[in-house]
Amino acid sequence: MKANARDIRSALERPSPDIRLYLLHGPDGSATAELAALLAKAMGPEAERVDLDGATLRSDPARLSDEAASMSLFGGARHIRVSPAGEECLDAFTALLAADHAGNPVVALAPTVKSTAKIVKLAIDSRRAMAFAAYEPSAADLERLAAAMARDQGLRPTNTAAARLAATCGGDRAVLAREIEKLALFLDAAPDRPHDLDDAALDAIGADLGEAEMTQVVEAVVTGHTAALGAELGRLSEAGTSPIPWLRLLARRLMTLAEMKAEIDAGATQDTVFKRHRIFFKEEAATGQALRRWTPAMLSTALTRVRHAERAIMASGNAGSVLADHALTELTRGVERRG
């Protein structure tokens, strides 16, 4: 069945044994990650989580049904997360929904899957599944969200401050929340002691990252310029800015390249694909070079590495930023060697 935002949140907070598969698709990866975390929280801190990916299920479609029907090693709660998921999971999802028994819920994160995909249709048509499409909020929506979250922390943002916060987060709610918490701490603000939030406060802690700056990092990776990437990473590190916004932008760029590559491989001309994806004429040469340089396997691997880098940064108690810098540097070197 097809779910709206309220329905899917409610279902994941209180999972029903009648629902075997929660399919979260669409480009807003931060929203789907947040929703997947709701299921993990609902299952309890002691629950066992089994992680699978699309490549595993493509080679062994029965694996998912087996895991969904298996008991936890210690007899407690158990749930399965499939990430990333794509059309290669169709046989596995079909078997899961048709199985006689499946006691463990499955949540699948499919960031590159469109609403017309076969796995989406499968989930919508089944009474044992829920499908939710997460799309990135508009700039106006993000500004309203930033203002509301700031007020919850005791901050009174100006219009320009709210707009800058929205641009800073790169569409990621978790990044936005951390930036606001950092500002509240800097200004010693709280609901019982509100404080004005203006551009001066944002400048003081470096909470700003423009689209142009993010694009420079993304282009360094996509074009395989390791030296340029190192310079950009160093500059952003000195500014104390979270890397998650540009990682999100990079993920979107990689997904777009993957879609364009698939369309060209299916027989579409490059000019037709460029028009469909609204590639600016000044960017056509660089985009064409990227399509020749990147293979589908490279794009899939790169997207996985970017997602892993995001998770490393989000996790506490580790060198997340260092791990992310290393992963992206290795990725860029691989592209550079193909040049």
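In the predicted model, the buried residues of helix 1 (residues 5-13) are Ile-8, Ala-11 and Leu-12. Viewed down the axis of helix 1, these buried residues fall within an arc of 95°, so they line one face of the helix. The elements against which the buried residues of helix 1 pack are strand 1, helix 2 and strand 5.

The packing of helix 1 against helix 2 can be described further. The axes of helix 1 and helix 2 are 7 Å apart and meet at an angle of about 25°; because angles under 35 degrees count as roughly parallel, the two helices are assigned to that class. On the side of helix 1, the contact involves Ile-8, Arg-9, Leu-12 and Glu-13, which meet Glu-34, Leu-35, Leu-38, Leu-39 and Ala-42 in helix 2. Sorted by class, the residues of this contact comprise 6 nonpolar and 3 charged residues, with no polar ones.

Ala-42, one of the helix 2 residues in that contact, belongs to a helix that spans residues 29-43. Its relative accessible area is 34%, and Ala-42 is therefore partly exposed, since this class lies between the buried limit of 20% and the exposed limit of 50%. When neighbours within four places in sequence are left aside, Ala-42 is in contact with Leu-12, Glu-13 and Pro-15. A further pairing in space concerns Arg-14, which is 28 residues from Ala-42 in sequence, while the C-alpha to C-alpha distance between Ala-42 and Arg-14 is 6.5 Å.

The strands to which these helices relate form an open sheet of 5 strands, arranged in the order 2-3-4-1-5 with parallel pairing. Its edges are formed by strand 2 (48-52) and strand 5 (129-133), each of which pairs on one side only. On average, and with direction ignored, neighbouring strands of this sheet are turned by 15° against each other. Within the sheet, strand 3 (residues 78-82) and strand 4 (residues 106-110) pair in the parallel sense over 3 bridges, and Arg-81 stands opposite Val-107 in strand 4.

Two helices that lie across strands of the model may be compared with strand 3 as the reference direction. Helix 2 lies across strand 1 (21-25), strand 3, strand 4 and strand 5, and runs at about 165° to strand 3. Helix 4 (residues 62-69) lies across strand 2, strand 3 and strand 4, and its angle to strand 3 is about 155°.

A further helix pair is formed by helix 13 (residues 244-265) and helix 15, whose axes come within 10 Å and cross at roughly 75°, an angle that makes helix 13 roughly perpendicular to helix 15. Helix 13 contributes Arg-253, Leu-257, Met-260, Lys-261 and Ile-264 to the contact, and helix 15 contributes Thr-287, Ala-290, Leu-291 and Arg-292. These residues divide into 5 nonpolar, 1 polar and 3 charged.

Thr-287, which takes part in this contact, is located in helix 15 (residues 284-293). With a relative accessibility of 5%, Thr-287 counts as buried, because the limit for that class is under 20%. Residues up to four places away in sequence not being counted, Thr-287 touches Arg-253, Leu-257, Met-260, Phe-274 and Ile-279; among them, Arg-253, Leu-257 and Met-260 belong to the helix 13 side of the contact.

Conventions: Residues numbered from 1 in each chain as written. Predicted model: local features only at pLDDT ≥ 70, side-chain atom pairs only at ≥ 80, totals over all residues. Heavy atoms only, no water. Helix = DSSP H or I, 4+ residues; strand = E, 2+ residues; numbered from the N terminus. Buried < 20%, exposed > 50% of the residue type's maximum accessible area, 1.4 Å probe, protein only. Contact = heavy atoms within 4.5 Å. Pairing = 2+ DSSP bridges. Axes fitted to C-alpha atoms, helices over the stretch in contact; angles between N-to-C directions. Parallel < 35°, antiparallel > 145°, perpendicular 65-115°, else oblique. Nonpolar A, V, L, I, M, F, W, Y, C, P; charged D, E, K, R; others polar. Arc of directions from axis to C-beta.
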